[in-house]
Amino acid sequence: MSDQGAGPTSSLAPPPPSGPPPKMTNRGRSADPISSSNSDSTDMPEFEPFGVPGPRGFPPMTGEGGALVDMMKGPDESNKKQHRTAMFNSDYLIVRRGQEFQVRISFNRPYKPATDTFAVEFVIGSSPQYSKGTYIPVFPTKERQSSWEGRVVDAADLTVTMGVTPAANCIVGKYHMYVAVKTPFGIRRTRWDKSQDLYVLFNPWGPDDAVFLDDESERQECVMTEMGIIYHGSYDDIAERNWNYGQFNYGVLDACLYIMDRSDMPITNRGDPMKVTRKASAMLNSRDDDGVLVGNWSGDYTYGVAPTSWTGSTDILLTYASSKMPVSFAQCWVYAAVFNTFLRCLGIPSRVVTNFFSAHDNDGNLKTDIILDESGRIDRVRTRDTIWNYHCWNECYMSRPDLPTGFGGWQVVDATPQETSDGMYRCGPASVQAIKHGHICFPFDAAFVFAEVNSDVVFYTRSKDGSLEPVKVNRTHVGRMVLTKTPGDVTRRDITDQYKFPEGSTEERTVLEKAEQYGCGRDKSDLPEADVDLVLPAMEISVGDDFELSLEFVNRSGERRTVDAYINGSVVYYTGVTSSEFLFSVKELVEVKSKRYMKSLVEQANLHFIATGKVKETGQIVTAMKVVTLHNPKLTVAVVNEEMTATVEFTNPFTFSLEGVYIRMEGPGIMLPMSKYYSLIPGNSSLTWTEYFIPQRAGSSRLMASLDCPALRQVYGTTTVNSLTNDKPLT
């Protein structure tokens with residue numbers, strides 16, 4: 001059949017649907033839908049008959065099997081104390097798996113072990129099944145046990161105290177609880193009572209748990225500590241950012257469970273810390289799954305909160321859980337801090353780690369390419385790889401049964417959306433041991449993290465015909481230092497040696513050769529080492545200061561050397577991306593006026609200098625790079641315990657006014673997040689903000705505050721608070 005003429009064609013195909021694609025279902029593929037929501041649970045029937053009723057139905061129940069349950073969930077009762085969950089601001093019983101807790105059951109007559117049969121049942125998800133671990137009956141007798149152990153601790157009159165030990169690998173989440181009693185005609189259950197719901201968490205104190213961490217100081221820091229310190233700045237001028245993880249605050253645990261629900265993660269996978277952390281690393285960013293946080297590095301935060309303004313995770317998580325929409329905005333340390341809250345809240349030991357000079361390699365090799373034009377300036381168009389001044393990620397502690405022995409322990413997970421992994425923006429868990437020893441083929445994403453701490457910086461000159469010639473290789477710049485907070489202290493801990501062997505050592509060369517075998521390309525340029533060193537000195541400069549920048553040359557040849565040198569200065573984001581260039585000079589001593597950089601300064605106030613020189617006598621190229629983080633003014637935070645007041649003071653150090661100013665204040669166990677808006681702070685003027693607070697519990701803590709506006713980011717202040725009066729909390 002052939003076409004006749006040029007008339008319109010017809011098609012039997014329906015028009016393409018408009019709007020979002022339909023959600024895939026299990027209909028026709030499995031008998032029951034896959035349970036993927038902890039908040040959707042099926043109520044168990046109050047009565048399950050043993051057989052078919054007679055013509056008159058079943059005889060009346062006459063009260064047989066009635067029971068009242070005491071969850072023993074008070075903060076001073078043994079359950080929460082022994083399970084280390086008393087700090088949770090929750091009315092529910094929260095326990096850790098693999099460890100016994102107790103419930104007190106009152107029946108309507110004395111319990112007779114020889115003739116009475118009952119079970120305590122725990123149900124999670126919408127399709128409870130015994131074989132899936134989502135329906136668990138717990139029996140009081142040794143003769144009949146399930147995956148959760150049960151025993152009668154005490155029986156007196158009408159009351160039975162029962163001990164229940166959840167399996168060390170059970171599903172983590174919120175369970176409904178029932179008491180089921182065997183009667184002559186069937187099983188009778190208590191009605192579902194919301195107050196009897198049970199939360200089960202991972203247990204780093206449990207030897208059989210996959211997250212077991214055999215170090216009490218690390219457990220206290222990486223699970224129980226709410227106050228964190230996140231390091232930023234540059235490796236030779238390290239700054240600290242205090243953060244309130246707030247993992248025990250009201251609503252945070254439910255928000256963390258909602259994150260897993262929102263990801264459609266099957267309930268049955270939620271007992272595996274490897275699957276939980278991998279799924280969460282995708283869900284903490286919003287790139288492809290409407291996750292928790294929207295990333296923004298542009299400097300324009302008109303429709304959200306500037307990343308530098310946040311002081312804790314609570315606001316972010318509660319806003320996400322209530323609005324069901326991603327929260328704006330975040331950068332790497334915000335992703336890492338909120339991820340840390342998620343992990344600690346669920347009981348997975350975790351810490352925030354900062355890698356100074358972190359390579360973001362777009363080519364999948366171990367080279368970060370910097371291309372210079374013939375004048376010595378960086379070719380911004382052709383230089384695609386970036387070196388972040390610092391990058392924050394998380395480490396979490398778990399066994400890795402999918403890897404050979406020895407590669408469990410600390411694992412890197414990263415929620416900052418940089419590159420995709422298995423089609424989604426996520427990273428990890430990647431074994432730190434595998435990264436150190438070059439086993440970059442091990443899942444998940446070890447090669448990417450390996451490049452972040454091990455890339456070589458290769459400088460090329462680009463000639464007019466477009467050819468590139470390597471002129472300098474810096475093998476020590478990337479991964480200069482890896483830091484985290486010291487357990488139980490406010491000092492920093494250098495863990496660089498956990499990621500890499502000493503630079504230039506035999507072990508390091510062996511590791512790099514092994515990484516090459518797995519497909520990571522390295523630079524093989526064998527360039528002669530220059531006999532002249534170019535040094536840019538360390539500097540501490542405040543925002544708005546004028547300063548001098550000098551080039552220092554060290555001649556190691558013993559002969560006369562002449563160097564033609566250039567220095568290039570740019571305002572950069574902390575990701576290494578250039579905002580604008582403000583300096584290009586051929587002088588050895590450069591006076592930098594603040595007016596040259598202030599008008600184009602971006603958040604975190606980073607100035608990036610690259611000096612490049614050519615030795616006339618040898619033709620060798622010498623280079624040096626320096627990141628200068630300008631210091632911001634500080635907030636003054638003061639607390640008067642007798643009056644229970646907290647005061648924030650700030651003086652605008654500039655001659656110009658600050659507009660659209662937000663101040664935030666919070667402290668773990670002291671004050672929930674509060675904020676105040678000031679439309680204008682005139683130049684050289686001061687402000688004072690005072691708030692009353694009621695500590696939630698006794699003890700020592702810290703109160704932190706931040707000030708943020710478009711013209712001035714990252715202004716912080718903290719103070720220590722001891723909320724004790726006559727050994728009682730201030731309430």
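Me: Strands here are DSSP runs of at least two residues, and helices are runs of at least four, each kind numbered from the N terminus. With that in hand, between which strands does the loop with Leu158 lie?

Reply: Happy to start there, with the reminder that this is a predicted model. One of the flanking strands covers residues 149-156 and the other covers 159-165. Leu158 sits in the loop that joins them, so by the DSSP numbering from the N terminus the loop runs between strands S7 and S8.

Me: Is Leu158 buried, partly exposed or exposed?

Reply: The relative accessible area of Leu158 is 36%. Buried would need under 20%, and exposed would need over 50%. Because 36% falls in between, Leu158 counts as partly exposed.

Me: Which residues is Leu158 in contact with, leaving aside its neighbours within four places in sequence?

Reply: A contact here needs heavy atoms within 4.5 Å. With the neighbours within four places in sequence set aside, the partners of Leu158 are Ile105, Ser106, Phe107, Asn108, Arg109 and Pro110.

Me: What distance separates the C-alpha atoms of Leu158 and Asp373?

Reply: Along the chain, Leu158 and Asp373 are 215 residues apart. In space, the separation between their C-alpha atoms is 88 Å.

Me: Now to the helices: are H3 and H6 roughly parallel or roughly perpendicular?

Reply: Helix H3 spans residues 252-262 and helix H6 spans residues 332-346, and their axes lie 10 Å apart. They pack at an angle of about 105°. Angles of 65 to 115 degrees count as roughly perpendicular. H3 and H6 are therefore roughly perpendicular.

Me: How many residues of the contact of H3 with H6 are charged?

Reply: From H3 come Val252, Leu253, Cys256, Leu257, Ile259 and Met260, while H6 brings Thr341, Phe342, Cys345 and Leu346. By class, nine of these contact residues are nonpolar and one is polar. For charged residues, the count is none.

Me: On to the empty spaces: which element supplies the largest share of the lining of the largest cavity?

Reply: The search finds four cavities of 30 Å³ or more, and the largest has a volume of about 90 Å³. Its lining has 13 residues, with Glu221, Arg344, Arg351, Thr484 and Lys485 nearest the centre. At least two lining residues come from each of H2 (216-224), S12 (227-234), H6, S16 (350-360) and S25 (481-485). The largest share, three residues, belongs to H2.

Me: Which helix gives the most to the lining of the second largest cavity?

Reply: This cavity holds about 40 Å³ of space, and its lining includes Ile435, Phe450 and Val511. Two or more lining residues come from each of helices H7 (432-436), H8 (446-454) and H9 (506-517). With three residues, the one that gives the most is H9.

Me: And which strand gives the most to the lining of the largest pocket?

Reply: About 1200 Å³ of space lies in the largest pocket, and of its 46 lining residues Val471, Lys472, Ile621, Val622 and Thr623 are closest to the centre. Among the strands that each supply at least two residues of this lining are S23 (456-462), S24 (468-474) and S34 (621-629). The strand that gives the most, with seven residues, is S34.

Me: How many nonpolar residues does the lining of the largest pocket have?

Reply: The lining of the largest pocket has 13 polar residues and 13 charged ones. Its nonpolar residues number 20.

Terms used. Residues are numbered from 1 along each chain as its sequence is written. This is a predicted model: local features need pLDDT of at least 70, side-chain atom pairs count only at pLDDT 80 or more; totals for chains, interfaces and linings use all residues. Side-chain values use heavy atoms; hydrogens and water are left out. Axes are lines fitted to C-alpha atoms, for helices over the stretch in contact, and angles run from 0 to 180 degrees between N-to-C directions. Angles under 35 degrees count as roughly parallel, over 145 as roughly antiparallel, 65 to 115 as roughly perpendicular and the rest as oblique. Ala, Val, Leu, Ile, Met, Phe, Trp, Tyr, Cys and Pro count as nonpolar, Asp, Glu, Lys and Arg as charged, and the others, Gly among them, as polar. On a 1 Å grid over the protein atoms alone, a cavity is a set of points where a 1.4 Å probe fits but cannot get out, and a pocket is an open set with protein on both sides within 12 Å along at least five of seven lines; lining residues have an atom within 4 Å of a point. Grid points are joined across faces, edges and corners, and a volume is the space filled by probe spheres set on the points. Buried means under 20% relative accessible area, exposed over 50%, partly exposed in between (1.4 Å probe, protein chains only).
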